[in-house]
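Biologist: Could you take me through the largest cavity in this model, lining and surroundings included? I'd like a close look at that one part.

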Amino acid sequence: MKKRFETEVRREQIADAALSIIFSEGVNGLTVRKVAEKVGFSAPALYRHYKGKAEILLAVIEDHFSVLLTLISDAKKASTPLEALRQFYFSYIEVIRTGKSALPIFLSEHVRFKELQLLDAIDDCHNTMHDHITELIEQGQDKNIIRRDIESEELFFHYIGLLITPDLLFSHKRHKIDLTKQTIANWKLFATAVAT
């Protein structure tokens, strides 16, 4: 049990180090050597756990996916589907704020054109989150909490825009946004637009 805990902690440290490098240098700036230095390993020691950059990126994607699943599962315990969507939204914003979003990996040309084996993991994450969010929207529509004159798929894309836009802007240091203020305003607009 102790060894498993240490492995999970180390994996999280490696994922955090990789995200930190990606946040400051982009996916192309990520190397096994840089990750190893950041977590206090030698590059050969890290190579015993990860064969290369693609495996590190996959670990980051899997960790990000695991976090999202936990957040959406917790959100689904809310009193209404709209409240669950609100809770997940604000929780995801905290992922962005702490620099732990994997969106730069998802959108990376490096991944799209050089690390094609990662696309399945990215698609799994997208599809699963789509299913959870659409389910909440449809539950809200069934309970007459969320408007029915717009299909759940269109509302899903509107909701995802609430997540992706601040993620994109926040990940580019050039764009100075007050994430808290913008998050509150975005949610107010969304909730007003979709509530019945």
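**Around the largest cavity**

Modeller: Lining the largest cavity are Leu 19, Ile 22, Phe 23, Ile 96, Gly 99, Lys 100, Ser 101, Pro 104, Asp 167, Phe 170 and Ser 171. Helix H1 (2-25) and helix H9 (152-171) are the elements that each give two or more residues to that lining. Bear in mind that this is a predicted model. The volume is about 80 Å³, and the count of cavities of 30 Å³ or more comes to one. Sorted by class, the lining has six nonpolar, three polar and two charged residues.

Let's follow one of the lining residues, Lys 100. The Lys 100 side chain meets that of Asp 16 in a salt bridge, at 3.5 Å from N to O. That pair ties together distant parts of the chain: Lys 100 sits in the loop between helix H5 (81-97) and helix H6 (103-106), while Asp 16 belongs to helix H1, 84 residues apart. Are these two buried or exposed? Lys 100 has a relative accessible area of 36%, so it counts as partly exposed, and Asp 16, at 27%, is partly exposed too. The model has eight salt bridges by this count.

Now over to helix H9, which also holds Ile 164. Together with Leu 107 and Leu 168, Ile 164 forms a nonpolar patch on the surface, with about 230 Å² of accessible area between the three. Ile 164 itself is partly exposed, because its relative accessibility is 32%.

Conventions. Residues numbered from 1 in each chain as written. Predicted model: local features only at pLDDT ≥ 70, side-chain atom pairs only at ≥ 80, totals over all residues. Heavy atoms only, no water. 1 Å grid on protein atoms, 1.4 Å probe; cavity = no way out; pocket = protein on both sides within 12 Å on 5 of 7 lines; lining within 4 Å. Points joined across faces, edges and corners; volume = space filled by probe spheres on them. Helix = DSSP H or I, 4+ residues; strand = E, 2+ residues; numbered from the N terminus. Nonpolar A, V, L, I, M, F, W, Y, C, P; charged D, E, K, R; others polar. Patch = residues over 30% accessible without salt bridge, like charges linked within 9 Å, V, L, I, M, F, W, Y side chains within 5 Å. Areas by Shrake-Rupley, 256 points an atom, 1.4 Å probe, with all protein chains shown as cover. Salt bridge = Lys/Arg side-chain N within 4 Å of Asp/Glu carboxyl O. Buried < 20%, exposed > 50% of the residue type's maximum accessible area, 1.4 Å probe, protein only.
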